[in-house]
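Student: I'm new to this one. Could you show it to me and let me ask how the descriptions are arrived at?

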Amino acid sequence: MKILYLNGPNLNLLGKREPNVYGRATLADIEAKVRKRAAQLKVGIDFRQSNLEGELVGWIQQAKGTFDVIVINAAAYTHTSIALRDAIAAVGIPTIEIHLSNIHAREEFRHKSLIAPVCRGQICGFGEKSYMLALEASVNVKATNKKSI
Ligand code: DQA
């Protein structure tokens, strides 16, 4: 099984960026923890970050045939990007939306996720643990798919 973790704009600044909201862990710290747990679960991981919407769209398109699940923290694009939503819908790979913060408890403009309707589910509000919870969810998404075939 292979999981593609995608991270959107400004997540390269984790650790320094608004630590009261996003915590002190860097994206590299989070990746290391995800990789450790993934190795235990015998799951392959690809972990990427981009500040560019088009690059994220390209990675989603290219995931077809290579990855079983996409985990995406689309960051601010969550609330704005029809292009990301369309890409997720187009490839049909089970996708899990994640956020460090609870977007529903923050400013009103963060309450709406344009990608949520095309994702299997949303995990938000658990800080860096959202990434680990998504790993457990991904393994279960796959198991569910196998059963339904
Ligand atoms: C975020 C929440 C978004 O609203 C915000 O734009 C981010 C990070 C999160 O992980 O909590 O950049 O996706």
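What follows is a chat that checks some descriptions against their cut-offs.

Tutor: Before we start, keep in mind that this is a predicted model. The protein has five helices and five strands, and along the sequence they follow the pattern β-α-α-β-α-β-α-β-β-α.

Student: What makes the radius of gyration of the protein agree with that of a compact globule?

Tutor: Set the two values side by side. A compact globule with 149 residues would have a radius of gyration near 15 Å, and the protein has 14 Å, so the two agree. The C-alpha trace spans about 45 × 35 × 25 Å along its principal axes.

Student: How much of the protein is buried?

Tutor: Buried residues make up 45% of the 149 residues. The accessible surface comes to about 7500 Å², and 53% of that belongs to carbon and sulfur atoms.

Student: Why is A63 called buried?

Tutor: The cut-off for buried is under 20% relative accessible area. A63 has 0%, so A63 counts as buried. You'll find A63 in the loop between α3 (53–62) and β3 (69–73).

Student: What does A63 touch, not counting residues up to four places away in sequence?

Tutor: A63 touches L4, I70 and I93. A63 and I93 are 30 residues apart along the chain, yet their C-alpha atoms are separated by 8.1 Å.

Student: Why is S113 called buried?

Tutor: Use that cut-off of under 20% again. S113 has a relative accessible area of 7%, so S113 is buried too. S113 is placed in the loop between β4 (95–99) and β5 (121–124).

Student: What makes the link from the side chain of S113 to the backbone nitrogen of I115 a polar contact?

Tutor: The pair has to be within 3.5 Å, and the side chain of S113 reaches the backbone nitrogen of I115 at 3.3 Å. A polar atom of that side chain also lies 3.0 Å from the backbone nitrogen of A116. Leaving aside neighbours within four places in sequence, S113 is in contact with T78, E97 and Q122.

Student: Let's go to α4. How do you know that its buried residues are on the same side?

Tutor: The buried ones in α4 (residues 82–91) are L84, A87, I88 and V91. They cover an arc of only 95 degrees around the axis, which puts them on the same side of α4. These buried residues pack against α3 and β4, while the face turned away from them carries the exposed residues I82 and A90.

Student: What is found at the start of α4 and just after α4?

Tutor: At the start, a side-chain oxygen of S81 reaches to within 3.4 Å of the backbone nitrogen of A83. Just after α4, G92 takes a positive phi of about 70 degrees.

Student: Last topic, the cores. Which residues have the most contacts inside the largest nonpolar core?

Tutor: They are Y5, I45 and Y131, in a core of 24 residues. Among the elements that each supply at least two residues of this core are β1 (2–7), α2 (27–41) and α5 (129–148). A second, separate core of 19 residues includes I70, V91, I115 and C119.

Student: And what does I45 meet, leaving aside its neighbours within four places in sequence?

Tutor: I45 is in contact with I3, Y5, V34, R35, A38 and L135.

Note on methods
Residues are numbered from 1 along each chain as its sequence is written. This is a predicted model: local features need pLDDT of at least 70, side-chain atom pairs count only at pLDDT 80 or more; totals for chains, interfaces and linings use all residues. Side-chain values use heavy atoms; hydrogens and water are left out. Helices (H or I, at least four residues) and strands (E, at least two) are DSSP runs, numbered from the N terminus. Buried means under 20% relative accessible area, exposed over 50%, partly exposed in between (1.4 Å probe, protein chains only). Contact means heavy atoms within 4.5 Å. A nonpolar core is a set of buried Ala, Val, Leu, Ile, Met, Phe, Trp, Tyr and Cys residues joined through side-chain atoms within 4.5 Å. A polar contact is a pair of N or O atoms within 3.5 Å; within protein, one must be able to donate a hydrogen and the other to accept it, and residues adjacent in sequence count only if both atoms are side-chain atoms. The radius of gyration is taken over C-alpha atoms; the globule rule is 2.2 Å times the number of residues to the power 0.38. Accessible areas come from the Shrake-Rupley method with a 1.4 Å probe; for residues, only the protein chains shown count as cover. The arc is that of the directions from the helix axis to the C-beta atoms.
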